[in-house]
Amino acid sequence: DEKKVMIQNVTVDILQQYFNEKRSNGRLDGNGRLSPQSLRLHKNVINQTLKFAQKNGLISENPCEFVALPKSERFESTFYTAQQMKMLFKAIEGDALANLIKITAIYGLRRSEVLGIKKDSIDFENNLLNIKHTVLQVGKRIIEKDKTKNATSRRSFPLTDETKAIFQKILADEKENRKLFGKEYHENDYIFKWDDGKPFMPDYVTKHFSKLLEKNNLPHIRFHEIRHSCASLLLNENWTLKDVQEYLGHADITTTANIYGHLDVSRKANMVDKLSDVLS
C-alpha cells in the first residue's frame, strides 16, 4: 500500500512480500500478526480486484492466484477450571473490574463485547442481554461501533438472577454517582465505567486483570482466556462444539473446533464406548 504500485505492475513477488509482512506484523494496533484466516480474507479482496482488472483488460493474468498463504494453526488455549474461576471471583470482590470480569466469564464475551454493553443492551422486561455494540482500542484511539465482529457475534443471552442483580446494582450506583459528581460526571450509555462516568479503556482492562492475578497469586491467563475458560466449562458439562460455537458467536464451527476440539473429550469417550459396545 505504501509503495503505491500501479495495478499493471503488481507481481507475485510483490504480493507475497505483502502477505509475509502482514503475517509477521499486520495488526492495526501494531501489536501482533494477522491470523491465517484474516490473511485469506485479505487475499480474497485482492484476488477479486485483480480478477476484475484482468476481465477489463488492464492485466493479462492474475498474480494473486500464485500467492502462498500459511496454513491454519491449531491454537492451544489456556483456561481456568471452575474451581479456579470461583477463586478468582472471591479474590477480586470489591475491585472496580469485578462485575465486568464476572459478566465476561458467564457469557464468554470478547473484551470488545463486554465493554460495548450499553443500557439498551439490557432488556429487563424480557430478561435478555443483547450483544450488539463493541468498543475497540487502536493505539490510544477508541473505536466505538454499533455492530459486532461478525453477524453471528450479534447474539442474545438470558439474564440469570445473578447477572440481573449485577446490572441493576450498577445502574443504581450510576444514579448516585451522577449526583455526587454533578457537572463533572461524564454522561454516556455504557455500563462498565469509573464512578465519574468515564468508560474503562480496553488496554486498562487487560493490564489490570493481569495485575489482579499476580496480586492474588493466581495462575496467569490473558483476559481473552476468560472466554476460553467459559468454553471449556461448557464442554466439560457435555455441551457440543456446535452449542459452544453459537454461545461464543463464532462465525464458523471450524474456529471453535480448532481452539476447543481437543477439550471435547467426554463426548468422544462416550462415542468410543458406544462403538466398542456395538463391535464387541
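Which residue forms a salt bridge with Arg178, the closest N and O atoms being 2.6 Å apart? In this predicted model, the partner at that distance is Glu174, and the pair is a useful place to enter the structure before turning to the protein as a whole.

**The protein as a whole**

The protein has 280 residues, of which 36% count as buried, and its secondary structure is made up of 11 helices and five strands. Measured out along the principal axes, the C-alpha trace spans about 75 × 65 × 40 Å. The accessible surface comes to about 17,000 Å², and carbon and sulfur atoms account for 52% of that area. When contacts between residues at least 6 apart in sequence are considered, 58% of them join residues at least 24 apart.

**Salt bridges**

Side chains of opposite charge can pair when their charged atoms come close. The structure holds 13 salt bridges, and three of them are set out here with the distance between their closest N and O atoms.

| Salt bridge | Closest N and O atoms |
|---|---|
| Arg178 and Glu174 | 2.6 Å |
| Glu187 and Arg178 | 2.8 Å |
| Lys118 and Asp146 | 3.8 Å |

Arg178 and Glu174 both belong to helix H6, which covers residues 161-181, and because they are four residues apart in that helix, about one helical turn separates them. An α-helix has 3.6 residues a turn, so residues three or four places apart point the same way. The two partners nevertheless fall into separate classes of exposure: Glu174 is buried, with a relative accessible area of 6%, whereas Arg178 counts as partly exposed at 25% relative accessibility. Arg178 also takes part in a salt bridge with Glu187, a residue that counts as exposed because its relative accessibility is 55%. Salt bridges that share partners join Glu174, Arg178 and Glu187, together with Lys119 and Lys193, into one network.

The salt bridge between Lys118 and Asp146, with its closest N and O atoms 3.8 Å apart, links distant parts of the chain, since the two residues are 28 residues apart. Lys118 sits in the loop between helix H5 (111-115) and strand S1 (122-123), while Asp146 sits in the loop between strand S4 (141-145) and strand S5 (155-158). Lys118 counts as buried at 16% relative accessibility, but Asp146, at 55% relative accessibility, counts as exposed.

**Helix H1 and its buried face**

Helix H1 runs through residues 12-25 and has 14 residues; from its first C-alpha to its last it reaches 20 Å, which is close to the 20 Å expected at 1.5 Å a residue. Within H1, the residues Leu15, Gln16, Phe19 and Arg23 are buried. Seen down the axis of H1, these buried residues fall within an arc of 100°, so they line one face of the helix. What the buried residues of H1 pack against is helix H2, which covers residues 36-55.

**A nonpolar patch on the surface**

Towards the end of the numbering, Leu275, Val278 and Leu279 form a nonpolar patch on the surface, and together they have about 350 Å² of accessible area. Val278, one of these residues, lies in helix H11, which covers residues 265-279. Val278 is exposed, with a relative accessible area of 65%, and it therefore lies above the cut-off of over 50% that defines an exposed residue.

Key:
Residues are numbered from 1 along each chain as its sequence is written. This is a predicted model: local features need pLDDT of at least 70, side-chain atom pairs count only at pLDDT 80 or more; totals for chains, interfaces and linings use all residues. Side-chain values use heavy atoms; hydrogens and water are left out. Patches are made of residues with over 30% relative accessible area and no salt bridge: like charges are joined within 9 Å, nonpolar side chains (Val, Leu, Ile, Met, Phe, Trp, Tyr) within 5 Å. Accessible areas come from the Shrake-Rupley method with a 1.4 Å probe; for residues, only the protein chains shown count as cover. A salt bridge is a side-chain nitrogen of Lys or Arg within 4 Å of a carboxyl oxygen of Asp or Glu. Buried means under 20% relative accessible area, exposed over 50%, partly exposed in between (1.4 Å probe, protein chains only). The expected span of a helix is 1.5 Å times one less than its number of residues. The arc is that of the directions from the helix axis to the C-beta atoms. Contact means heavy atoms within 4.5 Å.
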